[in-house]
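Got the model open in your viewer? Keep the selection box handy, and we'll walk through it stop by stop.

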Amino acid sequence: MDNYENYFESNRQLWNKRTPLHRQSDFYNVPAFLEGRTSLNKIELDELGDVSGKSLLHLQCHFGQDTLSWARLGAKATGIDLSDASIEEASRLNQQLGLDVTFVQSNVYDLKENLQGQFDVVFTSYGTIGWLPDLEKWAETIHHFLKPGGIFYMVEFHPVAWMFDDDFQQIVYPYHNTFEPIVTETEQSYTDGSNHERLKEYGWNHGLGEVISSLTTKGLRLEFLHEFPYSPYNIFRHMVQGEDGYWRIRHLENKIPLLYSIKATKP
């Protein structure tokens, strides 16, 4: 776990650099968000459903737009993230909007030491679990913070998409988690090409079997697994937008999955 701590620290620094870039980006469009635009997509809105009056824990919330969007829909929301810069920005947005959202800076694995209570809903989405090497610890955190009868919901980029090179021409990375990090050096954000200093990032790919088994082993009951051949975000190279508004890889349209979603409950 000592090596993991070094990886987490490097990733924290990466996200601290990205946060101010993202705050200013068209991708996140903070001015429109402050005017009332939701950051949530139809997929999660339809599949998770009404959160009004429910307590909701958002894992790996970045600078809080989705957390705040759930709060606008009536949830009593709490967001956590590894990046202190992200949590500071989320807290500023919360104050600007006059909402009552709690934001906590914490690694998912350390959350039991930094947060009390249980929640009706635990939520995570779009580019989160790839920053975690061990999903057993992740699922343990989810189980710990869910109330009996509570719902866990996630929507995430599909592990098949992460197997390809950047141009989606060759398979480069393993589908299964080897627990050795996938190391890349980056100076560009996925948002609009904004640059920061060159930094290493450490990630892990997780096959669907690993994701589901980690949850069910901890006692959660799977309600559904859905897979989608499209993404609401234009974050990969060679994407083309369809008439439905979703994005697909131009030469692999509807041939590979780009997203999946899971709903599970705690008996």
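Start by selecting T178, which counts as partly exposed at 47% relative accessibility (partly exposed runs between the two cut-offs: buried is under 20% relative accessible area and exposed is over 50%, with a 1.4 Å probe and protein chains only). T178 sits in the loop between β5 and β6 (182-188). Helices here are DSSP runs of H or I with at least four residues, strands are runs of E with at least two, and both are numbered from the N terminus. Now add P133 to the selection: T178 and P133 are 45 residues apart in sequence, yet their C-alpha atoms are 8.9 Å apart in space.

A quick word on what you're looking at. This is a predicted model, where local features need pLDDT of at least 70 and side-chain atom pairs count only at pLDDT 80 or more, while totals for chains, interfaces and linings use all residues. Residues are numbered from 1 along each chain as its sequence is written, and side-chain values use heavy atoms, with hydrogens and water left out.

**Zoom out**

Switch to cartoon and you'll find 8 helices and 11 strands. Show just the C-alpha trace, and its span along the principal axes is about 45 × 45 × 40 Å. The radius of gyration, taken over C-alpha atoms, is 18 Å, which agrees with the value near 18 Å for a compact globule of 267 residues (the rule is 2.2 Å times the number of residues to the power 0.38).

Next, turn on the surface. About 12,100 Å² is accessible, and carbon and sulfur atoms own 46% of that (Shrake-Rupley method, 1.4 Å probe). Of the 267 residues, 54% count as buried. Contacts, meaning heavy atoms within 4.5 Å, often link distant parts of the chain: among those with a separation of 6 or more, 72% join residues 24 or more positions apart.

**Into the core**

Hide the surface and select L57, W138, I142, F152, V211 and L215. These have the most contacts inside the largest nonpolar core, a set of 33 residues. A nonpolar core is made of buried Ala, Val, Leu, Ile, Met, Phe, Trp, Tyr and Cys residues joined through side-chain atoms within 4.5 Å. Colour α1 (2-24), β1 (55-59), β4 (119-125), α7 (135-145), β5 (146-157), α8 (208-217) and β11 (259-265) to see the elements that each give two or more residues to this core. The largest share, 5 residues, comes from α7. Another core, of 32 residues, lies apart from this one, and includes A75, V121, F157 and I256.

Go back to L57 and show what surrounds it. Leaving out residues up to four places away in sequence, L57 touches T78, I80, L111, L115, F119, V121, V122, F123 and F145.

**Along to H62 and α4**

What does phi look like at H62? It is near 55°, a positive value in a residue other than glycine. H62 lies in the loop between β1 and α4 and is buried, with a relative accessible area of 11%.

Carry on to helix α4 itself, residues 65-72. Here 7 of the 8 residues are buried, so α4 is largely enclosed by the rest of the structure. Select Q65, D66, T67, L68, S69, W70 and A71 to see the buried ones. Just after α4, stop at G74, where phi is positive at about 105°.

**Two more stops**

Pick I43 in helix α3 (residues 42-48). Is I43 buried or exposed? Buried, with a relative accessible area of 6%. Beyond residues up to four places away in sequence, I43 touches Y126, Y153, V155, F228, Y230, Y246 and L259.

Then jump to Q105 in strand β3 (residues 102-105), which counts as partly exposed at 37% relative accessibility. Show R12, D81, L82, S83, D84 and I87 as sticks: Q105 touches these, not counting residues up to four places away in sequence.

For a last stop, draw a distance line from Q105 to N254. The two are 149 residues apart in sequence and 38 Å apart in space, C-alpha to C-alpha. N254 is in the loop between β10 (247-249) and β11, and it is exposed, with a relative accessible area of 51%. Its phi is positive, at about 60°, although N254 is not a glycine.
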